[in-house]
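Let's work through a few exercises on charged side chains. Keep the structure open beside you and try each task before reading its solution.

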Amino acid sequence: MTRDGDRRRAPGRFTARTLFRFLLFLSFAAALGVSCRDSGDARRTLRFWAMGREGEVVQELMSGFEGENPGLHVEVQQIPWSAAHEKLLTAHVGRSTPDVAQIGNTWIAEFVALRALERLDERAARSAGVPEESFFPGIWDTNIIDGALYGIPWYVDTRVLFYRKDILARTGRDAVPETWEEWREAMMEIKASADPDHYAVFLPTNEPTQAVIFGLQAGSTLLAENGTRGAFSGPAFRRAFRFYIDLFRDGLAPPVSNTEVSNLYREFARGYFAMYITGPWNLGEFRNRLPEELQDEWAVAPLPGPGSADAGVSLAGGSSLVLFRESREKEDAWRLVEFLSRPENQLRFYHLTGDLPARVEAWRDSALAGDPRINAFETQLRRVVSTPKVPEWEQIATRVMMRAEEAIRGSAPPDSALAALDRDVDRILEKRRWMIERERETAASPEEGS
């Protein structure tokens, strides 16, 4: 016999009603979850690849972009610089390139040749967000291949002269000379007044940069015949090469690589060398690593030139933002490029990374305009030139470094080293010549090429 008083629920057991309510709750929860996911999925995703330190911090700017574009989500992928080139190539082959990416401006020619990048001429022409006149002309030019625009400068870099003011002052000078002749004279005086194992300037032998810069300053085009042959034996580069090699032969520069200097900043501090051609990434390093007593004794100057200050050009370096042809979100990707190109966002990015802004308006901010070391970079950026815009340039630069080192170490006379360099470069560019000849034949005989 069961009495009403016995109809008590056993602890931990569901009644039919409780089970119904529980299932109803799960249904609501599931529905709510689907609804949330749908809301997230409703936003279109832009894939943005950024390299090194830039990839680590650019995410901090994305909330601003997404706030202005509530239908978009930016997925930032940070890629180490050491893996970036191969990853981009692999992605292109696998047709999995991102919508937007940061690439070094010396890579643009290669990815254009692969037909990986989207032309930006029309978008830039109708956009108020990326006016060409707001960028350093030499930097803007690095993004133009065969007359077409393929990238928008994101940040810029170039090489200038870092030097010890106190050591230069021993020569009676308070500023770096503007011409090669006067600069060399100053270096001779520095060397004469220094310890025997100290030098006037450090030009790492494992970098092609300095030889290339001197060649550009002398007016060499580095390559000839529309970028299909080496021009290193020509009179302009030969003059620059002799100036460069003589700095080692006269004992003004140590014949060592930067891997043979255990601590660059300590050696600069102890006067092992008084000058160093390097880039903006060392502004922060010098501030952080040099001892306090030297903080007022180092300065930065534009590079001297062979005949005048205007001839003291340097390299047009930096990174650009590009769109990929495979992207299905090109219009939204372009909006991201415009957003990152705004002067206020470039200035914020400078504070996050130390990268120098590509937009000249950002340089009017007191954080840059009030720093004489950064002013030297602005002066230099107004006279920068691009290296040859051919996909093979990185291979050629490596050969420049190797042949220059042979001349520095005396294993080859300078003229022989340059002749060998031209032979190397001609071999590297052999396929380019074949392709151009093939295109010429096809154009002349369209039936054959069809």
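By the distance rule for opposite charges, the count comes to 31 salt bridges. The model is a predicted one, and the exercises below pick out some of its charged residues.

**Exercise 1.** Find the salt bridge between E326 and R95, and work out which parts of the chain the pair links.

*Solution.* Begin with the distance: the closest N and O atoms of E326 and R95 are 3.3 Å apart. This falls within the 4 Å cut-off for a salt bridge. Next, place the partners. E326 sits in the loop between β14 (317-323) and α14 (330-341), while R95 sits in the loop between α4 (81-93) and β3 (100-104). The two are 231 residues apart, so the pair links distant parts of the chain. Finally, check exposure: E326 is partly exposed because its relative accessibility is 38%, and R95 counts as exposed because its value is 62%.

**Exercise 2.** Determine which residues form salt bridges with R123, and classify each as buried, partly exposed or exposed.

*Solution.* Take E118 to start with: its salt bridge with R123 has its closest N and O atoms 3.5 Å apart. Both of these residues are buried. Now turn to E331, whose side chain meets that of R123 in a salt bridge at 2.9 Å, N to O. This pair links distant parts of the chain, with R123 in helix α6 (residues 121-126) and E331 in helix α14, 208 residues apart. For the classification, R123 has a relative accessible area of 11% and is therefore buried. E331 is at 42%, so it counts as partly exposed.

**Exercise 3.** Locate D424, decide whether it is buried or exposed, and name the salt-bridge network it belongs to.

*Solution.* D424 lies in helix α19 (residues 414-428). Its relative accessibility is 4%, so D424 is buried. Look next at its side chain, which makes a polar contact of 3.1 Å with the side chain of R399. Widening the view, a network of salt bridges links R399, R403, E406, D424 and R427.

**Exercise 4.** Identify the residues that gather with E181 in a patch of negative charge on the surface, then explain why E181 counts as exposed.

*Solution.* The patch brings together E178, E181, E182 and D310. E181 itself is found in helix α9 (residues 180-193). With a relative accessible area of 64%, E181 is over the 50% cut-off and so counts as exposed.

Definitions and conventions:
Residues numbered from 1 in each chain as written. Predicted model: local features only at pLDDT ≥ 70, side-chain atom pairs only at ≥ 80, totals over all residues. Heavy atoms only, no water. Patch = residues over 30% accessible without salt bridge, like charges linked within 9 Å, V, L, I, M, F, W, Y side chains within 5 Å. Areas by Shrake-Rupley, 256 points an atom, 1.4 Å probe, with all protein chains shown as cover. Lys, Arg positive; Asp, Glu negative; His and termini not counted. Charge placed at Lys NZ, Arg CZ, Asp CG, Glu CD. Helix = DSSP H or I, 4+ residues; strand = E, 2+ residues; numbered from the N terminus. Buried < 20%, exposed > 50% of the residue type's maximum accessible area, 1.4 Å probe, protein only. Polar contact = N/O pair within 3.5 Å; in protein donor to acceptor, adjacent residues only side chain to side chain.
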